[in-house]
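Reader: Please show me how to read the main features of this model, one at a time.
Author: Each feature gets the general idea, then the case at hand.

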Amino acid sequence: MTGKKRTFVLYPSLGVGHLIPMVELAKHLLRHGHGALIAVVDPPDTDAVSAAAVARLAAANPAIAFRLLPAPASPDVVGVHPAKRDKDTLQLANPALRDLLRDSLPGAVDALLLDMFCVDALDVAAEVGVPAYFFFASAAGDLAVFLNLPYLYPTLPSSFREMGETLVRCPGMPTPIQALDMPWTVLDRESDGTKVRMYQWKRIAEARGVLVNSFDWLEPRALTALGDGVCVPGRPTPRVFCIGPLVNDGSTGQSGERHECLAWLDAQPKRSVVFLCFGSKGAFPAAQLQEIARGLESSGHRFLWVVRSPPEEEGQSPELDLGRLLPAGFLDRNRGRGMVVKNWVPQAQVVRHEAVGAFVTHCGWNSALEAIVSGLPMICWPLYAEQALNKVFMVEEMKIAVALGRYEEFVRAEEVEAKVRLVMEAEEGRILRERLAVAREKALEATRECGSSQVAFAEFLRDLDKSSSVNGECN
C-alpha cells in the first residue's frame, strides 16, 4: 500500500499499558511509509517504571520519534481517585500538546491519534485544525460497551457492585453479563472514577473515527452493533476501522543477551510449560501467591511464573525475596520443572516459544492478542480495568479461553490446579488449541495484503484525506 506520506502524532495516556500499543501502531504506520511521533506526557511524579519503559522502547525503536511533554503535577493528589488524577494530569498537558502541534510541527501533522482516555486533547485538535481519531487498544466489544454505558448506567437501579451477579445487556455483547464483570473502575456508580470514565467514553463519539486493535473475524457481533450505530443513542457513532492485531512480533530491536527464561524454555518439551504473567500492574497479595504456588506444584506441570511484590509490601523492600513469599522449599522442590522470575520477562517472545502450552493471563487486550497470534490457549484471571469484560468475550463468545478468577477474588490452590490440568490434559484443552489454531490463521489473514485489516487501514487513509488517491488499494 503506497501513496502520499502522512505524519501522525500519537498521544498515549499515562502508564506503560497505554504506551506499548501506541508503539505497535507507530510501527504499523512506519511499515506503510508514514511518519510517526509519540508524544508522551511527563508529569513530575512519573514513576520510575514508566520512565524506564519509555527509554527502553525508544532504544528498541529508533525509527520512531518520541517527545516528552512536560505537564504540571495535579494540585490535589492525596485521596484523589487515580482515574481523576490521570484525567487532570492529561488536561494540564494540553498547553504542551498545543505548542507541539502549532509551534514545533506547524502544518506537518496530518492527524492526531488519541488514546481513549485523552479525550480533552480533542479540544486542542479542534483549536489547531488537526483531525483527531482515537486508537482504541482494547477489544471492539469493549468499545461498544463503553460508548453505551454513559447512557445505560443512569437508568439502572444501582451500582454494578451492588447488582452483583445480576445480568446486564449492552449492544454488541454476545449475551447479558454479570454486573461484577463490568470494568473495575465503574463498579461503584457514584465514585469519582465512574464519573471520569462516563465523561471520557461519552466524548469518544466526538472524534472523526476510531481505529481498533482487533480484526473483523474475531468480533463480528460488536462490529455490527458499532456499524449500525446502536451503541450511542441520539447521535452518530464514529466510524470504526479494525486494523489489528497490532502486537509485538517478539523481536527486541536490540543486540543483547537473551533473557534467561528463554534459554530455560529451549530445554523444555514442546507445549509443556504453563506461563503465568499478569501485566505491568499485576500483583497478588502474599497469601494468594502461596495458593498459586501450591496449585502449580500439585498440577505436576512445568511452569514459568512472573512474580511481583505483593501490593501490601510495595515500596518496602528494594529486593523481591521469593524464598520468603513462596511456600517453604517450593523453589528447591520445583527446580528444573519450574522457573520463577522476578518482575518481568520478554512476554512477546515467551508466548511465541514452542515450549509454552498455556497462558495464565490478566486478560489485558495486548496480552490476549499476543496469545491469539501465537495460537496459545488462555486461562483468564482478570485483575483490574476492563479485563473481566475481556474475559467474558474470550470465554463466552470467542471460546479461546477458560475462566479462573475475577477482580479481588481469592482463588484456592485446588482451582489453579484444576484449570491448569483442564487446559494441559483434558479434551477441553485440545478443543481450545484447535480453536486457537483457527484464530491464529484468521489473524494472519487479516493483516496480509488485501486482508480485512489492511482494507480497513486503506479506508482510514481515505477518510482522513478523501482528496488524495491511495495507490494499490485493496478493494
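Reader: Which residue stands opposite valine 274 in β13?
Author: Alanine 358 of β13 stands opposite valine 274. Helices (H or I, at least four residues) and strands (E, at least two) are DSSP runs, numbered from the N terminus. Two strands count as paired if DSSP finds at least two bridges between them. Here β10 and β13 run parallel and are joined by 5 bridges.

Reader: What should I know about the origin of the values?
Author: The model is predicted: local features need pLDDT of at least 70, side-chain atom pairs count only at pLDDT 80 or more, and totals for chains, interfaces and linings use all residues. Residues are numbered from 1 along each chain as its sequence is written, and side-chain values use heavy atoms, with hydrogens and water left out.

Reader: How many helices and strands does the secondary structure of the chain come to?
Author: The chain has 19 helices and 15 strands. With a radius of gyration of 22 Å against the 23 Å from the globule rule for 475 residues, the chain is as compact as a globular protein of that length. That radius is taken over C-alpha atoms, and the rule is 2.2 Å times the number of residues to the power 0.38. Along the principal axes, the C-alpha trace spans about 65 × 50 × 45 Å.

Reader: Which strands run parallel to β10, apart from the one already named?
Author: Strand β11 (residues 302-307) runs parallel to β10 (residues 273-277), with 4 bridges between them. One pair is leucine 276 with tryptophan 305 of β11. From β13, 3 bridges lead to strand β14 (residues 378-380), again in the parallel sense, and threonine 361 stands opposite cysteine 380 of β14.

Reader: How many residues of strand β13 are buried?
Author: Buried means under 20% relative accessible area, exposed over 50%, and partly exposed in between (1.4 Å probe, protein chains only). In β13 (residues 356-361), 6 of 6 residues are buried. In β11, 5 of the 6 residues are buried, so this strand is largely enclosed by the rest of the structure. Over the chain, buried residues make up 57% of the 475.

Reader: Which residues point one way from strand β8 and which the other way?
Author: In β8 (residues 209-212), Gly209 and Leu211 point one way, Val210 and Val212 the other, and all are buried. Strand β5 (residues 132-136) is joined to β8 by 4 bridges in the parallel sense, and tyrosine 133 has glycine 209 as its bridge partner in β8. β8 also pairs in the parallel sense with β9, over 4 bridges. There, valine 212 stands opposite cysteine 242 of β9.

Reader: Which residues does leucine 369 touch, not counting residues up to four places away in sequence?
Author: A contact means heavy atoms within 4.5 Å. Leucine 369 touches Asn213, Pro245 and Val247 under that restriction. Leucine 369 belongs to helix α15 (residues 365-374) and is buried at 0% relative accessibility. Leucine 369 and valine 247 are 122 residues apart in sequence, yet their C-alpha atoms are 6.9 Å apart. For the chain, of the contacts between residues at least 6 apart in sequence, 73% join residues at least 24 apart.

Reader: Is valine 9 buried or exposed?
Author: Valine 9 is buried, with a relative accessible area of 0%. Valine 9 sits in strand β1 (residues 7-11). The residues that valine 9 touches, leaving out those up to four places away in sequence, include Leu37, Ala39, Leu100 and Val109. Valine 9 and leucine 37 are 28 residues apart along the chain, with C-alpha atoms separated by 4.9 Å.

Reader: Which peptide bond is cis, with omega near 5°?
Author: The bond from glycine 244 to proline 245 is cis. Proline 245 lies in the loop between β9 (239-242) and α10 (260-266).

Reader: What is the phi of arginine 271?
Author: Arginine 271 has a positive phi of about 55° although it is not a glycine. Arginine 271 is in the loop between α10 and β10 and is partly exposed at 35% relative accessibility. Lysine 399, also a residue other than glycine, has a positive phi near 55°. Lysine 399 lies in the loop between α16 (387-397) and β15 (401-403) and is partly exposed, with a relative accessible area of 37%.
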